[in-house]
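Work through the exercises below with the structure open beside you. Each task is followed by a solution in steps.

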Number of protein chains: 2
Amino acid sequence: MPRPLGFTGARLDRADQVRTNEAAFAAALADPRARCLVLDGIDFVPGEGGGLCWEPFDPADDRAVMLLGLDEAGVPHFVREPAPSQRIDARSRTVMRLLPMLSTEEAALYGGARSLVDWHARHRFCAVCGQPTDLFRGGWGRQCGSCNAEHFPRVDPVVIMLAECEDRVLVGRQPGFPPGFFSALAGFVEPGESLEEAVARELFEEAGIRVADVTYVASQPWPFPSSLMIGARAVAHDPALTLDTTEIEAAMWVDRADVRAALAGDMGAPFMAPPPLAIARFLLEDWAA
Amino acid sequence: MPRPLGFTGARLDRADQVRTNEAAFAAALADPRARCLVLDGIDFVPGEGGGLCWEPFDPADDRAVMLLGLDEAGVPHFVREPAPSQRIDARSRTVMRLLPMLSTEEAALYGGARSLVDWHARHRFCAVCGQPTDLFRGGWGRQCGSCNAEHFPRVDPVVIMLAECEDRVLVGRQPGFPPGFFSALAGFVEPGESLEEAVARELFEEAGIRVADVTYVASQPWPFPSSLMIGARAVAHDPALTLDTTEIEAAMWVDRADVRAALAGDMGAPFMAPPPLAIARFLLEDWAA
């Protein structure tokens, strides 16, 4: 793999044995070395050197707490729910502009923390019975005080794929994309289908093409809000497109020279490629190489 | 691939364009050819020929309805929520004994229907605000009548993997497994990690081994209740094991002869292999071949 994928490479030990053991979790909370990630809502706040910003863990703070993990020296790293005065806007993309300030490991750690904090904020009530729930398992789940149902953070698998036909690949743009921007087609995996079936279904639904020979390429978490992006390739034998224009505004087959020009940011490239953090860019790099 | 994986191969067109278009959905409900899957709670009821059992769609029935899809002739296939008198026990495995009565396509169709019906049964309330929610999008989501939040069926990605070391692979057994039964190790993917990272984390947490070179093998939906099983292999350089005995009661390295004997059901095999529907069996077959 030529470079780590965006939002991968976090170095903390997630320490499941601490999350699930009340005494060990209490000891982590009481550790004088413990640190807490500074967030503004669910966005990170850049530190002086440009990275993530940490503060000493304050036991007097009564906001709910989640254990992100332990570093190599065993220092517990936590994150807290936002203060009631902080608004969360999970659809905001302002943090995207700040992400290049983070190292690969920091972006991965932040991405996981963001997904977790955002999930708690949107899951305060029990989906089974409607009553309030409380954090448990070191912040990696919620339990209903009324019916005892347990709820765990969502991870939503998404297939994202390049269909290949006659030495060209298919890129498309959604209505909300910036001008000139094209990416790999993608969609959520549904109950009752494999990854390979989801790839074939999405390409047919969105672009009207039938594919075979779906192959896995790579994966990355995508914390907007909690997707697991699963990158694939597939082979189409007929390049004729029928677009679902509610999902895809435009799509086109591009060859390796087109893709290389887009990746290089050439002014004459036929499209603008996805940013380095996105697995779509990795899929294009991998295919062009 | 030597054979289709369990719970894959459903033939119905999921018809997203019908789910999301109110007029098209109303037309499907009014189609005189429409059929409804017969369930007992969330278990299927075998038909006379041994397959799934369908009944004409009854517009007078007021139970909530979900569109499974359209067959090749455009006939809409639905499933309904269970009647209030029917108990749902998502942990029941009685249906496992009946599954061999279904064809591959029927098992896949039933698996998706089971996950969907079970999700609705456990998500009647809004996790954001605690108020009741209603079905929308042809039964493929719920919307809150109070805060308007939209909720979609969960698909929980799980990594399941064979670690390989010195031409042997690692199999383990959970405390609740039948006697002699061993399988591939597995665990839920968490927010903030790739599939490859989840494989490495789970193998270290459960068996104390460090792996590299994680490669994807295959995937299958697993409707107990809504997992997406993602099968992988990984390479370990040191076979020393440290088991997390709350998760894994026993684990052992087995060679190709052991695996072939287990797959063949030999009396002298060192373990009992997973059943044909499980991707764990496919991983063992794939490795032994």
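Two strands pair if DSSP finds at least two bridges between them. Keep that cut-off at hand for the second exercise. The model is a predicted one.

**Exercise 1. Get an overview of chain A.**

Task: State how many helices and strands chain A has, and what its C-alpha trace spans.

Solution.
- Step 1. Count the elements. Chain A has 7 helices and 15 strands.
- Step 2. Take the extent. Along its principal axes, the C-alpha trace of chain A spans about 60 × 45 × 35 Å.
- Step 3. Look at burial. Of the 289 residues in chain A, 43% are buried.
- Step 4. Look at contacts between residues at least 6 apart in sequence. In chain A, 62% of these join residues at least 24 apart.

**Exercise 2. Show that β1 and β6 of chain A pair, then place them in their sheet.**

Task: How many bridges join β1 to β6 in chain A, and in which direction do the strands run?

Solution.
- Step 1. Find the bridges. Strand β1 (residues 35-37) and strand β6 (residues 76-80) of chain A are joined by 2 bridges.
- Step 2. Apply the cut-off. At least two bridges are needed, so β1 and β6 of chain A pair.
- Step 3. Read the direction. These two strands run parallel.
- Step 4. Name a bridge. A:C36 has A:F78 in β6(A) as its bridge partner.
- Step 5. Widen the view. In chain A, an open sheet of 4 strands has the order β4-β1-β6-β5, with mixed pairing.
- Step 6. Find the edges. β4 (54-56) and β5 (65-70) of chain A each have a single partner strand, so one side of each lacks a neighbour in the sheet.
- Step 7. Add the twist. On average, neighbouring strands of this sheet are turned by 35 degrees against each other, direction ignored.
- Step 8. Add the helix. α4 (residues 104-121) of chain A lies across β1, β5 and β6 of chain A, at about 155 degrees to β5(A).

**Exercise 3. Find unusual backbone geometry.**

Task: Which peptide bond in chain A is cis, and where do B:F7 and B:D167 lie?

Solution.
- Step 1. Recall the usual case. Most residues other than glycine have a negative phi, and most peptide bonds are trans.
- Step 2. Check omega. From A:F224 to A:P225 the bond is cis, with omega near 0 degrees. A:P225 sits in the loop between β13 (211-222) and β14 (227-236) of chain A.
- Step 3. Check chain B. B:F224 and B:P225 are joined by a cis peptide bond too, with omega about 0 degrees.
- Step 4. Check phi. B:F7 is not a glycine, yet its phi is positive, about 65 degrees. B:F7 lies in the segment before α1 (16-19) of chain B. B:D167 has a positive phi near 65 degrees. B:D167 lies in the loop between β10 (156-165) and β11 (168-173) of chain B.
- Step 5. Test burial. B:F7 has 28 other C-beta atoms within 10 Å, so B:F7 is buried. B:D167 has 8, so B:D167 is exposed.

**Exercise 4. Relate the two chains.**

Task: What rotation superposes chain B on chain A?

Solution.
- Step 1. Take the operation. A rotation of 180 degrees with 0.0 Å of shift along its axis does it, at RMSD 0.0 Å.
- Step 2. Name the relation. That is a two-fold axis.
- Step 3. Compare surfaces. In chain A, 100% of the contact residues of chain B recur.
- Step 4. Count the contact. It takes 41 residues from chain B and 41 residues from chain A.
- Step 5. Sort the chain B side. Its residues are 18 nonpolar, 12 polar and 11 charged.

Methods: Residues numbered from 1 in each chain as written. Chains lettered and ligands numbered in written order. Predicted model: local features only at pLDDT ≥ 70, side-chain atom pairs only at ≥ 80, totals over all residues. Buried ≥ 20, exposed ≤ 12 C-beta atoms within 10 Å, placed from the backbone. Contact = placed C-beta atoms within 7 Å. Axes fitted to C-alpha atoms, helices over the stretch in contact; angles between N-to-C directions. Nonpolar A, V, L, I, M, F, W, Y, C, P; charged D, E, K, R; others polar. Least-squares fit on C-alpha atoms with pLDDT ≥ 70 in both.
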